[in-house]
Amino acid sequence: MLPSPSFHAPGDAARHELLQSVVDVARAIFGAAASSVCLLDEEADELVFQAVSGEGEEFLVGRRFPAGRGIAGWVATSGEPMVVDDLSRNTAFDRSLAESTEYVPDALMAAPLISEARVLGVLEVLDPSPQARTGVRELDLLAMFARQAAAALRVLAPHAAEPGWALEGERREDALQLLGSLERLLRGTG
C-alpha cells in the first residue's frame with residue numbers, strides 16, 4: 001500500500017496535530033494498546049490512516065486499504081459503532097489486513113466520524129481495557145467522542161478531510177481547545 005500523497009502536502013501538519021490529539025485521547029480514555037483515525041477517500045473508495053497512537057504509530061500514517069474491508073470498512077459503510085470482545089470469532093474482522101499493519105488485536109471498538117450526515121472516516125480503539133468495553137455506555141462514549149472529533153474537523157475547518165487543508169492561527173487553537181475540553185469531560189475532570 002502506498003502512502004497518501006496528500007498527507008505530506010503543505011498545511012497538513014495542522015490536520016495531523018488535530019487528529020493525533022483525537023487518537024491520543026481515545027487511547028488514554030479507553031486504556032487501549034492503540035488507536036487510529038482513518039479518513040475516507042471517497043474518490044479512491046479507500047480508508048487512509050491519518051493518525052495513530054500506540055502500536056503502529058511509526059509507520060501506518062498514510063497507508064490505505066479498501067473502504068469496504070474489515071470492521072473499519074463495515075463501520076464506515078453502516079455509519080454504526082461496533083465493539084468486538086473476541087476478534088477471533090468475528091467474521092467481519094479481516095485478519096490479513098490486521099497482519100499487514102504488524103499488529104493483530106484481540107478486541108476493538110470502532111465508531112464512525114460523522115458530520116452533517118456524512119461519514120468522514122472511522123475512529124478505532126484496539127485492545128481497550130476489558131472494563132472499557134463492557135457495555136453500551138462505553139460504546140456510546142466512543143461514538144460521542146467520534147462525533148465531537150468529526151464536528152471539530154467539519155465545523156472549525158469545513159475542508160478538513162480534503163487534501164491540502166490547513167487549520168491555522170486562532171481556528172487551530174480553538175479546535176485544540178475543544179478537544180482538550182472534551183478530554184477533560186470524558187475523563188470526568190472537567
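Strands here are DSSP runs of E, at least two residues long, numbered from the N terminus. The model is predicted.

**Exercise 1. Place Ser-115 in the fold, and decide whether Ser-115 is buried or exposed.**

Step 1. Find the element. Ser-115 belongs to strand E5.
Step 2. Apply the cut-off. Buried means under 20% relative accessible area. Ser-115 has 7%, so Ser-115 is buried.
Step 3. List the contacts, leaving aside neighbours within four places in sequence. Ser-115 then touches Leu-120, Ala-150 and Arg-154.

**Exercise 2. Examine the loop between E5 and E6 at Glu-116 and Ala-117: what is the sign of phi at each residue?**

Step 1. Locate both residues. Glu-116 sits in the loop between E5 and E6. Ala-117 sits in the loop between E5 and E6.
Step 2. Recall the usual case. Most residues other than glycine have a negative phi.
Step 3. Read the angles. Glu-116 has a positive phi, near 50°. Ala-117 is not a glycine, yet its phi is positive, about 60°.
Step 4. Check accessibility. Exposed means over 50% relative accessible area. Glu-116 reaches 66%, so Glu-116 is exposed. Ala-117 reaches 80%, so Ala-117 is exposed.

**Exercise 3. Work out which residues of helix H2 are buried, and what covers them.**

Step 1. Set the limits. H2 spans residues 70-78.
Step 2. Name the buried residues. They are Gly-70, Ile-71, Ala-72, Gly-73, Val-75 and Ala-76.
Step 3. Find the cover. The cover includes strands E2 (46-54), E3 (64-66) and E4 (82-84). Strands E5 (108-115) and E6 (118-126) are also included.
Step 4. Look past the helix end. Gly-79 follows H2, with a positive phi near 75°.

**Exercise 4. Identify the residues of the negative surface patch, then test Glu-58 for exposure.**

Step 1. List the members. Asp-24, Glu-55, Glu-57 and Glu-58 form the negative patch.
Step 2. Locate Glu-58. Glu-58 lies in the loop between E2 and E3.
Step 3. Test Glu-58. Its relative accessible area is 64%, so Glu-58 is exposed.

**Exercise 5. Describe the whole chain: how many helices and strands are there, and in what pattern?**

Step 1. Count the elements. The chain has five helices and six strands.
Step 2. Read along the sequence. The pattern is α-β-β-β-α-β-α-β-β-α-α.
Step 3. Assess burial. Of the chain's 190 residues, 51% count as buried.
Step 4. Assess contact range. Take the contacts with a separation of 6 or more; residues 24 or more positions apart account for 56% of them.
Step 5. Turn to the surface. About 9000 Å² is exposed, and carbon and sulfur atoms supply 51% of that area.

Terms used. Residues numbered from 1 in each chain as written. Predicted model: local features only at pLDDT ≥ 70, side-chain atom pairs only at ≥ 80, totals over all residues. Heavy atoms only, no water. Buried < 20%, exposed > 50% of the residue type's maximum accessible area, 1.4 Å probe, protein only. Helix = DSSP H or I, 4+ residues; strand = E, 2+ residues; numbered from the N terminus. Contact = heavy atoms within 4.5 Å. Patch = residues over 30% accessible without salt bridge, like charges linked within 9 Å, V, L, I, M, F, W, Y side chains within 5 Å. Areas by Shrake-Rupley, 256 points an atom, 1.4 Å probe, with all protein chains shown as cover. Salt bridge = Lys/Arg side-chain N within 4 Å of Asp/Glu carboxyl O. Lys, Arg positive; Asp, Glu negative; His and termini not counted. Charge placed at Lys NZ, Arg CZ, Asp CG, Glu CD.
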